[in-house]
Amino acid sequence: MINNSKKAFQEALHLIYQYAIGITGLKIACFRKQLAAGVEMNIFTTQGLTTQANIIEVFDYRLFTNLIPIKWNKENLDLASKLSPREMDTLESSNFRIEGFISKPDIGCGRSSKDYHFLYLNNRPCDMPEISKNINRIYRLFNRGQYPFVVLKIYLDEHLIDRNL
């Protein structure tokens with residue numbers, strides 16, 4: 001019973017982390033109250049100014065110093081050889097960009113577990129297991145003993161996605 005409670009708490013906390021880190025303009029204060037002791041502990045408080053500030057407020061500055069920014073858009077991607085002409089036309093007519101942060105591939109900059117992947121599609125937190133799996137696979141080519149901390153925001157035109165899936 002206790003293990004289930006701890007697991008449920010960690011899952012709820014991860015969901016709160018997703019909103020606190022990736023959504024700007026949203027102030028969040030997260031507290032944990034221990035009933036037996038009657039003690040209330042502040043887990044984190046965010047002001048929601050920027051993704052960078054949210055990462056620092058939720059975790060700490062030390063973790064942030066171990067991150068590198070990610071910034072891609074359709075202009076700096078060479079996909080011509082990998083996409084069909086139809087897919088290229090769709091990409092060229094859309095607003096596509098990816099931004100965020102990932103752990104440096106240096107030893108000691110990553111994490112021992114895969115638990116801190118924060119992925120967003122058009123500013124909505126979501127679970128993208130294939131993207132997470134590929135991020136881990138590529139990261140481990142450079143840092144075999146650890147997994148990355150990742151905040152990845154993917155922006156696509158609304159007509160290209162079905163948000164009900």
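**Strand pairing, cores and two helix residues**

L67 sits opposite S103 of β4, and this pairing is a handy way into the sheet. The structure is a predicted model, in which local features need pLDDT of at least 70 and side-chain atom pairs count only at pLDDT 80 or more, while totals for chains, interfaces and linings use all residues. Residues are numbered from 1 along each chain as its sequence is written, and side-chain values use heavy atoms, with hydrogens and water left out.

Zooming out for a moment, the protein has five helices and seven strands. Helices (H or I, at least four residues) and strands (E, at least two) are taken as DSSP runs and numbered from the N terminus. Along the sequence they come in the pattern α-β-β-α-α-β-α-β-β-β-α-β. Of the contacts with a separation of 6 or more, 67% join residues 24 or more positions apart; contact here means heavy atoms within 4.5 Å. Of the 165 residues, 34% are buried, where buried means under 20% relative accessible area, exposed means over 50% and partly exposed is in between (1.4 Å probe, protein chains only). The accessible surface comes to about 11000 Å², with 55% of it belonging to carbon and sulfur atoms. These areas come from the Shrake-Rupley method with a 1.4 Å probe, and for residues only the protein chains shown count as cover.

Back to the sheet: five strands form an open arrangement in the order β3-β4-β7-β5-β6, with mixed pairing. The strands at its edges are β3 (67-73) and β6 (124-126), each paired on one side only. On average, neighbouring strands are turned by 20° against each other, direction ignored. Such angles run from 0 to 180 degrees between N-to-C directions, and the axes are lines fitted to C-alpha atoms, for helices over the stretch in contact. Strands of a sheet pair through backbone hydrogen bonds, in either the parallel or the antiparallel sense. Two strands are taken to pair if DSSP finds at least two bridges between them.

Strand by strand, β3 runs antiparallel to β4 (residues 97-103), and seven bridges join the two. Besides the L67 pairing with S103, W72 faces I98 in β4. β4 also pairs with β7, again in the antiparallel sense, over six bridges. On that side I98 has I154 of β7 opposite, and R97 has Y155. β5 and β7, on the other hand, are parallel and share five bridges; one of the pairs is Y120 with K153 in β7.

As for cover, five of the seven residues of β4 are buried, and for β7 the count is six of six. In a regular strand the side chains alternate between the two faces of the sheet. For β7 both faces are covered, with V150, L152 and I154 buried on one side and V151, K153 and Y155 buried on the other. Helix α5 (residues 129-142) lies across β4, β5 (117-121) and β7 (150-155), at about 130° to β5.

S132 belongs to this helix, α5. With a relative accessible area of 13%, S132 counts as buried. Not counting residues up to four places away in sequence, S132 touches H117 and L119. The H117 link includes a side-chain to side-chain polar contact of 3.2 Å. A polar contact is a pair of N or O atoms within 3.5 Å; within protein, one must be able to donate a hydrogen and the other to accept it, and residues adjacent in sequence count only if both atoms are side-chain atoms.

Next come the nonpolar cores, sets of buried Ala, Val, Leu, Ile, Met, Phe, Trp, Tyr and Cys residues joined through side-chain atoms within 4.5 Å. The largest one holds 19 residues, of which Y17, I21, F44, I55, F59, F118 and F149 touch the most other members. Two or more residues each come from α1 (2-22), β1 (28-34), α2 (51-58), α3 (61-65) and β5. The top contributor is α1, with four residues. A separate core of 11 residues includes I70, F96, I135 and Y139.

Leaving out residues up to four places away in sequence, I55 touches I21, D60, L63, F64, L67, F101, F149 and V151. I56, in helix α2, is partly exposed because its relative accessibility is 25%. With the same kind of sequence neighbours (up to four places away) not counted, I56 touches Y61 and F64. T46 is 10 residues from I56 in sequence, with 8.9 Å between their C-alpha atoms.
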